[in-house]
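Hi,

Here is the structure I promised to pass on. Have a look at it first, and then read my notes below.

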Amino acid sequence: MTRESRFRACPLCEAICGLDFQFEAQRLVAIRGDDADPFSQGHICPKGNAILDLETDTDRLKHPLRRRGNEWEEIGWDEAFALAGERLAAVQLKHGASAVGVYLGNPNVHHLGHIAYLPPLLRALKTPNVFSASSVDQWPHQLVCAQMYGHQFLLPIPDVDRTDYFLMLGANPLASMGSLMTAPGIARRLKALTARGKLVVVDPRRTETADVASEHVFIRPGTDALFLIGVINVLKRQRPPRLQGYAGKVRDLDVALAALSAFDVEMIAVHTGIAVATIERIACELDAAPRAAVYGRMGVSTQTFGTLTQWLIQLINLYTGNLDREGGVLPNDAAIPLTGEGTAPGARGRWKSRVRGLQEFAGELPVAALVEEIATPGSGQIRALLTSAGNPVLSTPDGRALEAALGTLDFMVSVDVYINETTRHADLILPPASPFTQYHYDLIFNSFAVRRVARVNAPLWPQAGDERADWEIFNALGAAYAQAAGKPFAALPEPAAVIAAGLKRGGSGLDFDELAAAPHGLDLGPLRPNLLTRLQTASGSIECAPSLLLDEVARLKAQIREPMPVDTLRLIGRREIRSNNSWMHNAARLVKGKPRHHLLMHPADLFARGLEDGTTVRMRSRTGAISVEARASETMMPGVVCLPHGFGHQRDGVRLTRAAAVVGASYNDLTDPAALDGASGNAALNGLPVWVEAAS
Ligand code: SF4
């Protein structure tokens, strides 16, 4: 039988690989990497292949479900939208706008039908209680960019294909496939980098990326900021900053450097576990490299000094003259920009959370506050919740407490294709049609890509008559809510029109038809300097010493005067190439083979506790406790243990047939809502103090 190829970018992770979807008699039978995609050049990972499982998964919902006690019943779309609109409006009428909360999961940023169509609904709801996976992830990146460059998405991306020296902290792109550095085929890119230059990975675990790096350096969790201060202070001793390329648009670098000068390098070595000579050598190598990039990802964002660390990374790139420079780090001036007119620059502090007084950032509150905002009685308490493509029970701090709180809500509606650990608490589930039935343009990851690329993705097959696309759901939900609440609501046009309007606003000269005629996407060339012309600070300059960050320096100084705890272990997370956070565990292709849930511990730490490799241990934190199988691993820094997130599917009412058989406990049964990055309120998931002992 002849096979027909249809091409489309993979929506499952930040790498946006071009895929070749192969059909026989209109049936999807195979998925390969698209060799003709100029960006991904045929790359595909196991998750890309698992789309076959996703599309044929019998657990996947196709029609709206309404809860009847412990049972679910299918209802029609019109009835479902009317029910959701009326219940949300009724809760707000009785208890005020804050009484409706919203949680948006990570997949929302991967789908145009979510990310472009949610804002009108959120504006109509007008609730301050909006939360998302961003505050268990990259808020520190966004906040630093907002503070220094005037826009949360003026995010410098490592020019991995041209840099000579890459200092990488808290990142494992060989497992995550890139993250805030959209780089399909990252293994190939890093191999080329280590052949022409040097890749240094700083991480408490010798990760898959560290294994292919030129050098790996262990660091104690949560001390990356100290290490980077050490690097800056060595650079300062070497020579003045290289600011010639910034046209005088650099403000207060001297103020920032003065604030950092009081840290003693010997003390930094004690706290980080990195020898003074290593800190000095890395600083000298960075300084000497023709082109260098410093980059830190989730491991450094999700810690108590996450924003401070991201700020120091920017300062080092600036100091060495590698900011906005080819081969250094540069924002991507994408065809549909995330910056400029009509975009949100990343305001902070316009309101605070009700219970703990945590600051808003970019229109959201830290998700670590979600539990208490539902569970604490009083005016402004969340009594109804809308979730979209999210599973906060497994993905946000103290998932067990959140789970209990969800059960107390007056109403919950979830836009999701599964009955998972979170949506099982919903009163109504609205499942979108396959994303492959809709036009798509990746608004986010084209802007974070290591090359300038653009791609309009055409539908691969038609949407069935009784299905509703994500964008149709948000339009209809908004209209139904607005009607019930007596508010105005303007639905957005279909995706093709939204993409065309975005391209027009971007002013790249590209239009929808030109991109639609290029099914493999277009390569627009390497990154190019553009930051200075796009700065959105009030001064028009790079702001090097925001008071928010200077306050964090003072907080760090105060903290290091406290004695270091010696008896506790520090927990860090880990990504696995076959696991995609809390979802994709229902795909047979991904969960087969060896288990991936275990706790990694250094053999000396096991021995010190009288534990053996392979035994089930009890691990507890201030918040909770789990049982998990421990594995001895020399890849771990002594004193540090490592667990993946997204496991823990064995809960009543979950309808994930394969995932239910995947053993493993949830990382977020241990995480602590009180542990936050001081500047942003991002959850400090890494570096969590834990105690491990024999399971009784
Ligand atoms: S690397 Fe990411 S985008 Fe590429 S195939 Fe895998 S999941 Fe899809």
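Let's start with one pair of strands: strand 24 (residues 599-601) and strand 26 (residues 625-632) run parallel and are joined by three bridges. To find the spot on screen, look for Leu-600, whose bridge partner in strand 26 is Arg-631. Before you go further, keep in mind that this is a predicted model.

That pair is part of something bigger. Which order do the strands of the barrel follow? Six strands close into it, in the order 23-27-24-26-25-28, and the pairing is mixed. Ignoring direction, neighbouring strands in this sheet are turned by 45° against each other on average.

Strand 28 (688-694) is a good one to follow next. Strand 23 (residues 569-574) runs antiparallel to strand 28, with three bridges between them, and Leu-571 has Leu-688 as its bridge partner there. Strand 25 (residues 616-620) is also antiparallel to strand 28, this time with four bridges. Here you can look for Val-617, which has Ala-694 as its bridge partner.

Now step back to the whole protein. It has 25 helices and 28 strands. Its radius of gyration is 24 Å, close to the 26 Å that the globule rule gives for 696 residues, so the protein is as compact as a globular protein of that length. Along the principal axes, the C-alpha atoms fill a box of roughly 70 × 65 × 55 Å. Of the 696 residues, 56% count as buried. And if you take contacts between residues at least 6 apart in sequence, 75% of them join residues at least 24 apart.

Next, a strand away from the ones above. Is strand 6 (residues 100-104) enclosed or open? Five of its five residues are buried, so strand 6 is largely enclosed by the rest of the structure. In a regular strand, side chains alternate between the two faces of the sheet. You can see this for yourself: Val-100, Val-102 and Leu-104 point one way from strand 6, while Gly-101 and Tyr-103 point the other way, and all are buried.

Strand 6 also has partners to look up. With strand 17 (residues 384-388) it pairs in the parallel sense over five bridges, and Tyr-103 stands opposite Thr-387 there. With strand 7 (residues 130-132), strand 6 again pairs in the parallel sense, over three bridges. In that pair, Leu-104 stands opposite Ser-132.

One single residue is worth a click too: Ala-683, in the loop between strand 27 (640-644) and strand 28. Why does Ala-683 count as buried? Because it has 31 C-beta neighbours inside 10 Å, and 20 or more is enough for that label. Leaving out residues up to four places away in sequence, Ala-683 touches a list of residues that includes Ser-135, Thr-302, Pro-366, Thr-396 and Leu-676. Phe-23 is another matter: it sits 660 residues from Ala-683 along the chain, and their C-alpha atoms are separated by 43 Å.

Last, the ligand. Around it you will find Cys-10, Leu-12, Cys-13, Ala-15, Ile-16, Cys-17, Ile-44, Cys-45, Lys-47, Gly-48, Met-177 and Pro-184. How does this shell divide by residue type? Ten of its residues are nonpolar, one is polar and one is charged.

Have fun exploring!

Conventions. Residues are numbered from 1 along each chain as its sequence is written. This is a predicted model: local features need pLDDT of at least 70, side-chain atom pairs count only at pLDDT 80 or more; totals for chains, interfaces and linings use all residues. Two strands pair if DSSP finds at least two bridges between them. Helices (H or I, at least four residues) and strands (E, at least two) are DSSP runs, numbered from the N terminus. Axes are lines fitted to C-alpha atoms, for helices over the stretch in contact, and angles run from 0 to 180 degrees between N-to-C directions. A residue is near a molecule or strand if its C-beta atom, placed from the backbone, lies within 6 Å of it. Ala, Val, Leu, Ile, Met, Phe, Trp, Tyr, Cys and Pro count as nonpolar, Asp, Glu, Lys and Arg as charged, and the others, Gly among them, as polar. The radius of gyration is taken over C-alpha atoms; the globule rule is 2.2 Å times the number of residues to the power 0.38. A residue is buried if 20 or more other C-beta atoms lie within 10 Å of its own, exposed if 12 or fewer, and partly exposed in between; C-beta atoms are placed from the backbone. Two residues are in contact if their C-beta atoms, placed from the backbone, lie within 7 Å.
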